[in-house]
Amino acid sequence: MRGYYLIEAAKTAVENICPEVVSCADILAFAARDAFYLLTGKSDSDLYSVSAGRRDGNVSLLTEATTFLPRPDFGFSQLNNSFAAKGFSTDEMITLSGAHSVGQSHCSSFTSRLYPYNPDQIDPSYAQALQILCPQNAAVDGVVPQDNVTPDTLDAQYYTNVLNNEVLFFSDWALRNTSDLVAKVTIQSYTTPLIGNTLWKSKFIAAMQKLGQLDVLTGTQGQIRKTCGANN
Ligand code: HEM
């Protein structure tokens with residue numbers, strides 16, 4: 001949960017002015033939008049609209065994360081099933097995965113792919129560079145950029161990295177290791193010169209808006225938490 005303190009900082013700032021009105025769920029949805037805007041290059045059209053009025057849960061269950069979040073060792077059909085269980089299509093799954101064009105990952109999330117590495121699944125020079133950054137049996141779990149080409153920009157570079165076998169997780173590579181036509185066409189469209197990035201951004205925005213509507217609590221359901229890390 002790298003950067004989680006920012007959510008608590010935003011919550012504290014809002015609570016100081018307007019106590020128990022704005023939920024942590026809303027803060028998270030707006031923070032995701034603002035991160036998108038800042039990391040894609042601050043163009044006005046990237047400041048997409050976010051509906052508000054979500055309420056927070058009365059409980060937080062670890063089992064919900066482990067049951068519903070996809071894992072980095074998932075193959076294509078496991079990824080597809082996990083997104084379909086929440087109403088998301090293959091196209092939307094591929095589109096949202098473009099978020100792996102920014103941020104970092106701990107070595108432990110992918111070292112099983114490095115020792116030994118399979119040259120059919122991971123580019124040999126990329127694998128060797130990762131082996132230096134993530135030594136086997138290291139005492140400290142290091143972090144590396146998700147996108148080795150444009151690490152600090154949120155863009156469609158991820159899809160080129162997928163096709164070049166320069167992605168960290170088995171689940172990233174799995175997006176190309178399928179005969180699924182939708183997956184192939186979607187990835188191809190996002191790697192098309194000149195239009196790929198714009199197309200990806202507009203579809204990413206739509207998918208994020210849909211994600212922000214998923215399983216929301218409204219009205220008198222749940223609560224407005226005083227602090228995001230604990231229920232009231
Ligand atoms: C498709 C299934 C997905 C899997 C299996 C997956 C898995 C992971 C894993 C294992 C990490 C590294 C965690 C660590 O070691 O610290 C990670 C990082 C990240 N993921 Fe995903 N993820 C998926 C989809 C998504 C989606 C849909 C989004 C957002 C729309 C997303 C955004 C991110 C971001 C921004 C990071 C970097 C976090 C940081 O910088 O600390 N991922 N993901």
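Which protein residue is the single donor to the iron atom of the ligand, and how many Å away is the donor? In this predicted model, the donor is His100, whose NE2 atom is 2.1 Å from the iron. His100 is found in the loop that runs between α5 and β1, and His100 is also listed among the closest of the 19 residues that surround the ligand, together with Arg2, Gln104, His106 and Ser109.

**The shell around the ligand**

Three elements, namely α4 (76–84), α5 (90–97) and β1 (104–106), each contribute at least two residues to the shell around the ligand, and the largest share, three residues, is that of β1. Sorted by class, the shell holds eight nonpolar residues, nine polar residues and two charged residues. Oxygen atoms of the ligand also pair with N or O atoms of the protein, and the table sets out three such pairs.

| Residue | Part of the residue | Distance to an oxygen atom of the ligand |
|---|---|---|
| Gln104 | backbone N or O atom | 2.7 Å |
| His106 | side-chain N or O atom | 2.6 Å |
| Ser109 | side-chain N or O atom | 2.6 Å |

**Helix α10 and its surroundings**

Helix α10 comprises 16 residues, from 196 to 211, and because a helix is expected to span 1.5 Å a residue, α10 should cover 22 Å, which agrees with the 22 Å that separates its end C-alpha atoms. Several residues of α10 are buried, namely Gly196, Trp200, Lys201, Phe204, Ile205, Ala207 and Met208, and the elements that cover these buried residues include α2 (24–40), α5, α7 (157–163) and α9 (181–190). Helix α5 thus appears in two settings, since α5 supplies at least two residues of the shell around the ligand and is also among the elements covering the buried residues of α10.

Lys201, which has its place in helix α10, counts as buried because its relative accessible area is 15%, under the cut-off of 20%. When neighbours within four places in sequence are left aside, Lys201 is in contact with Phe36, Thr40 and Asp46.

**A loop residue, Cys18**

Cys18 lies in the loop between α1 (4–17) and α2. Is Cys18 buried, partly exposed or exposed? With a relative accessibility of 31%, Cys18 counts as partly exposed, because that class takes in values between the cut-offs of 20% and 50%. Along the chain, Cys18 and Ala52 are 34 residues apart, and their C-alpha atoms are separated by 15 Å.

Technical notes. Residues numbered from 1 in each chain as written. Predicted model: local features only at pLDDT ≥ 70, side-chain atom pairs only at ≥ 80, totals over all residues. Heavy atoms only, no water. Near = heavy atom within 4 Å. Polar contact = N/O pair within 3.5 Å; in protein donor to acceptor, adjacent residues only side chain to side chain. Helix = DSSP H or I, 4+ residues; strand = E, 2+ residues; numbered from the N terminus. Nonpolar A, V, L, I, M, F, W, Y, C, P; charged D, E, K, R; others polar. Donors = N, O, S within 2.8 Å, 3.2 Å for Na, K, Ca; no water. Expected span 1.5 Å × (residues − 1). Buried < 20%, exposed > 50% of the residue type's maximum accessible area, 1.4 Å probe, protein only. Contact = heavy atoms within 4.5 Å.
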